Amino acid sequence: MVRLFPVTPDNLEAVLSLRVLPEQEGFVSTNAHSLSQAYVYSETAYPFAVYEDDTPVGFIMLGYYEARNQYTLWKFMIDRRWQGRGIGEASLRLGIAYLKEQHGATEIYTGVVPENRAAVRLYEKLGFRDEGLRERALTRDLDWGVPVPKEGYEDKRIYIWAENVLGY
């Protein structure tokens, strides 16, 4: 049975050890990064461990984006060993129910890398629709930021991400 539980000292290490498939790594943040964001945005971030029975198998973080007055599916992953079993759909349904029941959300937004076809199919199955905004990195000649991982762009840095939003 799939359930959502808060991330606590008792399950933190298990949540941090969860991994997606290597080919999915460019689609999602690590759980360590996600939990650091949850700490900084503790008033508006709602992180949960996804459990199958008594085993942590995934992570979902929902949130409230104050600047846009909207609720979001912020982070979502199922460990590579547990994918393909319906856990993603079940846990996403629980996350949507949480936002509706606990916060009165009537619309929920998320971003997705379009090449992540499995996520796009799941989101569409659960009622999200493509709003047409595409995620892309904006780059400049800077000394700070994330290096652009492409030959010929060694002097460029990613300094902001524009969002690809799906509405529910």
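Here are some exercises with worked solutions on a predicted model of a protein chain.

## Exercise 1: Getting an overview

Work out how many helices and strands the protein chain has, and in what order they come.

**Solution.** Start by counting the elements: the protein chain holds 4 helices and 10 strands. Next, read them off from the N terminus, which gives the order β-α-α-β-β-β-α-β-α-β-β-β-β-β. Then look at how the chain is packed: 39% of the 168 residues count as buried. Finally, take the contacts in the chain with a separation of 6 or more; 58% of these are between residues 24 or more positions apart.

## Exercise 2: From β2 to β3

Find out in which sense strands β2 and β3 pair, and describe the turn that links them.

**Solution.** Let us take this in steps.

1. Locate β2 at residues 45-52; β2 pairs with β3 in the antiparallel sense, over 8 bridges.
2. Pick one pair to look at in the model: V50 stands opposite G58 in β3.
3. Move to the turn. The two strands form a hairpin with 2 residues between them, and D53 lies in this loop between β2 and β3.
4. Check the backbone of D53. This residue has a positive phi of about 55 degrees, although D53 is not a glycine.
5. Ask how open D53 is. Its relative accessible area is 43%, so D53 is partly exposed.

## Exercise 3: From β3 to β4

Now do the same for β3 and β4: how many bridges join these strands, and which residue in the turn has a positive phi?

**Solution.** Again, one step at a time.

1. Find β3 at residues 55-65; 8 bridges join β3 to β4, and the two strands run antiparallel.
2. Follow two of the pairings. G63 has T72 of β4 as its bridge partner, and Y64 stands opposite Y71 in β4.
3. Look at the turn: β3 and β4 form a hairpin with 4 residues between them, and N69 in that turn has the positive phi, about 55 degrees.
4. Note that N69 is not a glycine either. Its place is in the loop between β3 and β4.
5. Decide whether N69 is exposed. The cut-off for exposed is over 50% relative accessible area; N69 has 57%, so N69 counts as exposed.

## Exercise 4: Buried or exposed strands?

Decide why β3 and β4 can be called largely enclosed by the rest of the structure.

**Solution.** Count buried residues in each strand. In β3, 8 of the 11 residues are buried, so β3 is largely enclosed by the rest of the structure. In β4, which spans residues 70-78, 8 of the 9 residues are buried, so β4 is also largely enclosed.

## Exercise 5: Across to β5

Work out how β4 is joined to β5, and which unit these strands make with helix α3.

**Solution.** First find β5 at residues 108-111; 3 bridges join β4 to β5, and these strands run parallel. As an example of facing residues, L73 stands opposite T110 in β5. Now add the helix: β4, α3 (residues 87-103) and β5 make a right-handed β-α-β unit.

## Exercise 6: Two helices that meet

Describe how the axes of α3 and α4 cross, and which residues make the contact.

**Solution.** Here are the steps.

1. Find α4 at residues 117-125. The axes of α3 and α4 come within 11 Å and cross at roughly 45 degrees.
2. Classify the angle: this crossing makes α3 oblique to α4.
3. Add the hand of the crossing, which is right-handed.
4. List the residues in contact: G88, E89 and L92 of α3 meet L122, Y123 and K125 of α4.
5. Zoom in on K125, which is in helix α4. K125 counts as exposed because its relative accessibility is 55%. The C-alpha atoms of K125 and E89 are separated by 8.9 Å, though the two residues are 36 residues apart along the chain.

## Exercise 7: The surroundings of L94

Find out which residues L94 touches, leaving aside residues up to four places away in sequence.

**Solution.** Begin with the place of L94, which is in helix α3. Then check its accessibility: at 33%, L94 counts as partly exposed. With those sequence neighbours left out, L94 touches V2, R3 and L4. As a last step, turn to V50: it lies 44 residues away from L94 along the chain, and 9.7 Å separates their C-alpha atoms.

Note on methods
Residues numbered from 1 in each chain as written. Predicted model: local features only at pLDDT ≥ 70, side-chain atom pairs only at ≥ 80, totals over all residues. Heavy atoms only, no water. Buried < 20%, exposed > 50% of the residue type's maximum accessible area, 1.4 Å probe, protein only. Pairing = 2+ DSSP bridges. Right-handed = clockwise from strand over helix to strand, strands pointing away. Axes fitted to C-alpha atoms, helices over the stretch in contact; angles between N-to-C directions. Left-handed = near helix turned anticlockwise from the far one by under 90°. Contact = heavy atoms within 4.5 Å.
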